[in-house]
Amino acid sequence: MRVTFASHAGSVHKPNEDFLAAGPQVALVLDGLTSPPELGSGCIHGTPWFVSQLGTHLLREATCRPEDPLADCVAEAITRVADLHHDTCDLTHPGTPSCSVALLREGPDTVDHLSLFDSVILLDGPGGLKTFTDLRADGYAQHEHKETTRHRIGTAAHRQAVSQLVAAQRPHRNVPAGYWVAATNPAAAYNAVTGAVPRSEVTRAAILSDGASCLVEDYGLTDWAGLLDLLETKGPDAVIARVRQAETSDPSGERWPRYKASDDSTAILCLLDSSVPASQ
């Protein structure tokens with residue numbers, strides 16, 4: 001599996017809360033969930049620390065345990081990171097650092113995938129183009145979401161609406177009847193969207209945080225096939241540049257209402273040789 005990638009912070013004033021990692025058979029993207037300062041997090045480390053720790057452990061687990069289901073690898077990584085800061089932080093706080101997970105692993109016979117929350121995985125090849133993501137969160141706090149679209153980005157009203165949205169979503173997070181993110185509860189791993197596609201059906205794949213997938217999902221400036229073509233011909237940096245062009249043209253969110261003017265953006269392109277078994 002040949003991999004190219006790029007990740008850029010949405011603002012020069014804040015650290016990048018996305019994380020990516022890749023090895024010969026494994027690639028992953030984590031997208032940290034921003035907690036409004038006024039709501040707190042109960043953690044002294046912060047989201048960038050959390051995603052880097054979880055991503056590092058997850059790459060190791062998925063690589064060193066190639067026969068184990070991806071959900072088991074994610075659960076173990078979540079447990080290990082929780083152990084790192086349970087003595088210093090309140091892991092029961094509803095705003096404890098959390099993230100999406102999009103994970104891909106090439107095996108001898110299949111390409112396995114796992115999606116938790118809203119990052120996107122694309123698989124393309126002789127089997128056709130397939131899209132995997134987890135949008136269960138969209139079923140909650142819909143009134144608060146609509147309220148964010150009524151106000152322009154950068155205004156006090158918009159900031160307040162986003163804070164109210166996050167507060168309204170939190171009671172539904174990581175509970176059986178709600179939606180799931182990677183935080184401190186390993187049960188989240190077993191509530192992810194998972195699957196496997198025959199390796200012979202995949203020649204290229206992509207993993208995108210929502211700050212890159214928005215080019216299709218929110219801005220409608222291309223489709224998934226077009227985004228994959230752009231990744232392959234121009235590279236991940238070109239995809240993110242296209243996103244930034246759109247955001248710069250609409251800084252207050254009048255054309256494309258959104259939660260922030262510019263989001264962290266991460267894109268990975270994976271090229272697979274379907275004629276060569278992964279074990280060779």
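Which residues have the most contacts inside the largest nonpolar core? In this predicted model, they are Leu30, Leu54, Leu58, Val101, Leu103 and Leu114. The report starts with the sheet and then returns to the core.

## The sheet

Five strands make up an open sheet. Their order is β2-β3-β4-β5-β8, and they pair in the antiparallel sense. The edge positions belong to β2 (18-22) and β8 (193-198). Each of these has a single partner strand, so one side of each lacks a neighbour in the sheet. On average, neighbouring strands are turned by 10° against each other, direction ignored.

## The β2-β3 pair

Five bridges link β2 to β3 (residues 26-32), and the pairing is antiparallel. Two bridge partnerships can be named. Aspartate 18 is matched with aspartate 31 of β3. Alanine 21 is matched with leucine 28, also in β3. The two strands are joined by a hairpin through three residues.

β2 stands at an edge of the sheet, yet it is mostly covered. Four of its five residues are buried.

## Helices on the sheet

Two helices come next. Helix α1 (residues 47-64) packs on the sheet and touches β2, β3 and β4 (99-106). Its direction makes about 160° with that of β3.

Helix α2 (residues 70-85) also packs on the sheet. The strands touched by α2 are β4 and β5 (110-116). Here the angle is about 45°, taken between the directions of α2 and β5.

## The largest core

The largest nonpolar core has 28 residues. Strands β2, β3, β4 and β5 and helices α1 and α2 each supply at least two of its residues. Which element gives the largest share of this core? That element is α2, with eight residues. In soluble globular proteins, nonpolar side chains tend to be buried together.

Leucine 103 is one of the residues with the most contacts inside this core. What does leucine 103 touch, leaving aside its neighbours within four places in sequence? Its contacts include Val26, Ala27 and Leu28. Leu58, Ala62, Leu70 and Val74 are also among them. The list further includes Asp112, His113, Leu114 and Ile121.

## A separate core

Another core lies apart from the largest one. This core has 21 residues. Among them are Cys214, Tyr219, Leu227 and Ala246.

Technical notes. Residues are numbered from 1 along each chain as its sequence is written. This is a predicted model: local features need pLDDT of at least 70, side-chain atom pairs count only at pLDDT 80 or more; totals for chains, interfaces and linings use all residues. Side-chain values use heavy atoms; hydrogens and water are left out. Two strands pair if DSSP finds at least two bridges between them. Axes are lines fitted to C-alpha atoms, for helices over the stretch in contact, and angles run from 0 to 180 degrees between N-to-C directions. Contact means heavy atoms within 4.5 Å. Buried means under 20% relative accessible area, exposed over 50%, partly exposed in between (1.4 Å probe, protein chains only). A nonpolar core is a set of buried Ala, Val, Leu, Ile, Met, Phe, Trp, Tyr and Cys residues joined through side-chain atoms within 4.5 Å.
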